[in-house]
Amino acid sequence: QVQLQESGPGLVKPSQTLSLTCTVSGGSITADYSYWTWIRQPPGKGLEWIGYIAPSGSTYSSPSLKSRTSISRDTSKNQFSLQLSSVTPEDTARYYCARWYSSYEAYDYWGQGTQVTVSS
């Protein structure tokens, strides 16, 4: 059973960088077909896809966030991370990490999410 757990600060000041980590257990982040993804949901809105890191280590981010987004991984800790720079209150959301399993063409495992508020 794969489990994902997000961690990071719950409050970030405007213009600073939001940093979150997703710790994966029960499966390797370098496993085939596994695309480790960040998704967020602002208050009262739908889910917004942020980006992923592939088994090869390559990354792909949403064009609307690409200039501010960095996704990386630490294979020794079986973790992957999100950095979102120059945040504004519009980046306030619940942030989720999830696994897209390309063989199933579906998200099959999700973290519980972590609330991040951008406020001074």
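Q: A salt bridge here is a side-chain nitrogen of Lys or Arg within 4 Å of a carboxyl oxygen of Asp or Glu. With that in hand, which residue does Arg68 form a salt bridge with?
A: This is a predicted model, and in it the closest N and O atoms of the Arg68 pair are 2.9 Å apart, which puts the pair inside the 4 Å cut-off. Arg68 sits in the loop between strand 6 (59-61) and strand 7 (69-74), while its partner sits in the loop between strand 8 (79-84) and strand 9 (93-101), so the bridge ties together parts that are 23 residues apart in sequence. That partner is Asp91.

Q: Is Asp91 buried or exposed?
A: Buried means under 20% relative accessible area. Asp91 has 2%, so it counts as buried.

Q: Which residue meets Arg40 in a salt bridge?
A: Arg40 has a relative accessible area of 5%, so this side of the pair is buried. The partner counts as partly exposed, at 24% relative accessibility. The two side chains meet at 2.7 Å, N to O, and the partner is Glu48.

Q: What residues are joined into one network by salt bridges that share partners?
A: Start with a further pair: the side chains of Asp108 and Arg99 meet at 2.5 Å, N to O. There Asp108 is partly exposed at 25%, whereas Arg99 is buried at 10%. The network itself is made of Arg40, Glu48, Arg68 and Asp91.

Q: Which strands stand at the edges of the open sheet of four strands?
A: Pairing in this sheet is antiparallel, and its order is 1-3-8-7. An edge strand has a single partner strand, so one side of it is left without a neighbour in the sheet. That describes strand 1 (3-7) and strand 7.

Q: In strand 8, which residue is the bridge partner of Thr23?
A: Strand 3 is joined to strand 8 by six bridges, and the two run antiparallel. Thr23 also has Gln5 opposite, and five bridges join strand 1 to strand 3. On the strand 8 side, the residue paired with Thr23 is Gln79.

Q: Which residue stands opposite Gln79 on the strand 7 side?
A: Strand 7 and strand 8 run antiparallel and are joined by six bridges. The residue facing Gln79 there is Asp74.

Q: Which side chains of strand 3 point to one face and are buried?
A: In a regular strand the side chains alternate between the two faces of the sheet. Strand 3 shows that pattern: Ser19, Thr21, Thr23 and Ser25 point to the other face and are not buried. The buried set is Leu18, Leu20, Cys22 and Val24.

Q: Which strand gives the most to the largest nonpolar core?
A: The core has 23 residues, and Leu18, Trp38, Phe80 and Tyr95 touch the most other members. Six strands each supply at least two residues, among them strand 4 (34-41), strand 5 (48-53) and strand 11. With four residues, the top contributor is strand 3.

Q: What does Leu18 touch, not counting residues up to four places away in sequence?
A: Leu18 is a residue of that core. Its list of contacts runs Val12, Leu82, Gln83, Leu84, Val87, Tyr95 and Val116.

Q: What is the relative accessible area of Thr114?
A: Thr114 is in strand 11 (residues 114-118). Leaving aside neighbours within four places in sequence, Thr114 contacts Glu6, Leu20, Ala93, Arg94 and Tyr95. Thr114 counts as buried because its value falls under 20%: the relative accessible area is 13%.

Terms used. Residues are numbered from 1 along each chain as its sequence is written. This is a predicted model: local features need pLDDT of at least 70, side-chain atom pairs count only at pLDDT 80 or more; totals for chains, interfaces and linings use all residues. Side-chain values use heavy atoms; hydrogens and water are left out. Buried means under 20% relative accessible area, exposed over 50%, partly exposed in between (1.4 Å probe, protein chains only). Contact means heavy atoms within 4.5 Å. Two strands pair if DSSP finds at least two bridges between them. A nonpolar core is a set of buried Ala, Val, Leu, Ile, Met, Phe, Trp, Tyr and Cys residues joined through side-chain atoms within 4.5 Å.
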